[in-house]
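Here are my notes on the model, as numbered points. Please read them with the structure open.

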Amino acid sequence: MSRLRRHLARFQALSGADQRTLLAAAFWMPLFWLGLRVWGLPRFQARLQRRKLASEATTTLHDIQALGSLVNIAARHTLGPRTCLTRSLLLGWLLRRRGVESQLRIGVRLNQGLLDAHAWVECEGVPVNDQPDVGMQFASFGDLVPLDAFHAP
């Protein structure tokens, strides 16, 4: 029970806006996972980007990274499957709604002879929901290969 109290105390220590954002991210996370499974990446991403970018925001990099942290926290405490791609799509969508331009990055690396893939979000070339050196750990191909190439015929 003390673990639950610690989590509740951390939640209550957040500002009201951060609490709402965390709850919204926890609500949307399973729906984004489902949307990704139903439509696939290219079609789901197109749906998410249909809405115009909100008016230009004056959001700082620190605020953007804080939003990324809240989405990551929600992913850890949400029921059902959550993947780096799901949380990155959700973060990109939340940023877009706030008027912040971002890029979804998908990268790969060889890990003990196996291909390992990872997704993260960058704003102005800075990872906002992952380690600062994630781009060095994974070879990003989002700009080199069109995402449509990953859609099964």
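1. Asp116 and Arg109 form a salt bridge through their side chains, at 3.2 Å from N to O. The term means a side-chain nitrogen of Lys or Arg within 4 Å of a carboxyl oxygen of Asp or Glu. Asp116 is partly exposed, at 24% relative accessible area. Arg109 is partly exposed as well, at 29%. The classes are buried under 20% relative accessible area, exposed over 50% and partly exposed in between, with a 1.4 Å probe and protein chains only.

2. A word on the source. This is a predicted model, in which local features need pLDDT of at least 70, side-chain atom pairs count only at pLDDT 80 or more, and totals for chains, interfaces and linings use all residues. Residues are numbered from 1 along each chain as its sequence is written, and side-chain values use heavy atoms, with hydrogens and water left out.

3. How many salt bridges are there by this rule? The count is two. Arg105 and Glu122 also meet in a salt bridge, with 3.2 Å from N to O. Arg105 lies in strand S1 (residues 103–111) and Glu122 in strand S2 (residues 114–123), so the pair, 17 residues apart, links distant parts of the chain by the DSSP assignment (helices are H or I runs of at least four residues, strands are E runs of at least two, numbered from the N terminus). Arg105 and Glu122 are both buried.

4. Now the sheet. Four strands make an open sheet in the order S3-S2-S1-S4, with antiparallel pairing. Strand S3 (126–127) and S4 stand at the edges, each with a single partner strand, so one side of each has no neighbour in the sheet. Two strands count as paired if DSSP finds at least two bridges between them. S1 and S2 pair in the antiparallel sense over nine bridges. Arg105 has Trp120 of S2 as its bridge partner.

5. Which residue shares an aromatic pair with Trp120? The partner is Phe138: the ring centres are 6.3 Å apart and the planes stand at 45°, so the pair is tilted. Trp120 lies in strand S2, and Phe138 in the loop between helix H5 (134–137) and strand S4 (139–140), so the pair ties together parts 18 residues apart in sequence. Trp120 is buried at 0% relative accessibility. Phe138 is buried at 6%.

6. The structure holds seven aromatic pairs. Rings of Phe, Tyr and Trp (its six-membered ring) pair if their centres lie within 6.5 Å; planes under 30 degrees apart are stacked, over 60 edge-to-face, and the rest tilted. One of the pairs is Phe32 with Phe44, edge-to-face, at 5.4 Å centre to centre and 75° between the planes. Phe32 is buried, at 4% relative accessible area. Phe44 is buried, at 6%.

7. Ring pairs join Phe27, Trp28, Phe32, Trp39, Phe44 and Trp93 into a cluster. Trp39 also has a charged neighbour: the charged end of Arg47 sits over its ring, 4.1 Å from the centre. That label needs NZ of Lys or CZ of Arg within 6 Å of the ring centre and within 35 degrees of the ring normal.

8. Is H1 covered or bare? Helix H1 (residues 2–13) is hardly covered, with zero buried residues among its 12. H1 reaches 16 Å from its first C-alpha to its last, close to the 16 Å expected. The expected span is 1.5 Å times one less than the number of residues.

9. Helix H3 (residues 61–76) has 16 residues and reaches 23 Å, close to the 22 Å expected. Its buried residues are Ile64, Leu67, Gly68, Leu70, Val71, Asn72, Ala74 and Ala75. The buried residues of H3 pack against helix H2 (16–48), helix H4 (84–97) and S2. Arg76 is found in H3, and at 55% relative accessibility counts as exposed. The C-alpha atoms of Arg76 and Ala26 are separated by 9.1 Å, with their positions 50 residues apart along the chain.

10. Last, the chain as a whole. The secondary structure comes to five helices and four strands, running α-α-α-α-β-β-β-α-β from the N terminus. Buried residues make up 35% of the 153 residues. Of the contacts (heavy atoms within 4.5 Å) with a separation of 6 or more, 62% come from residues 24 or more positions apart.
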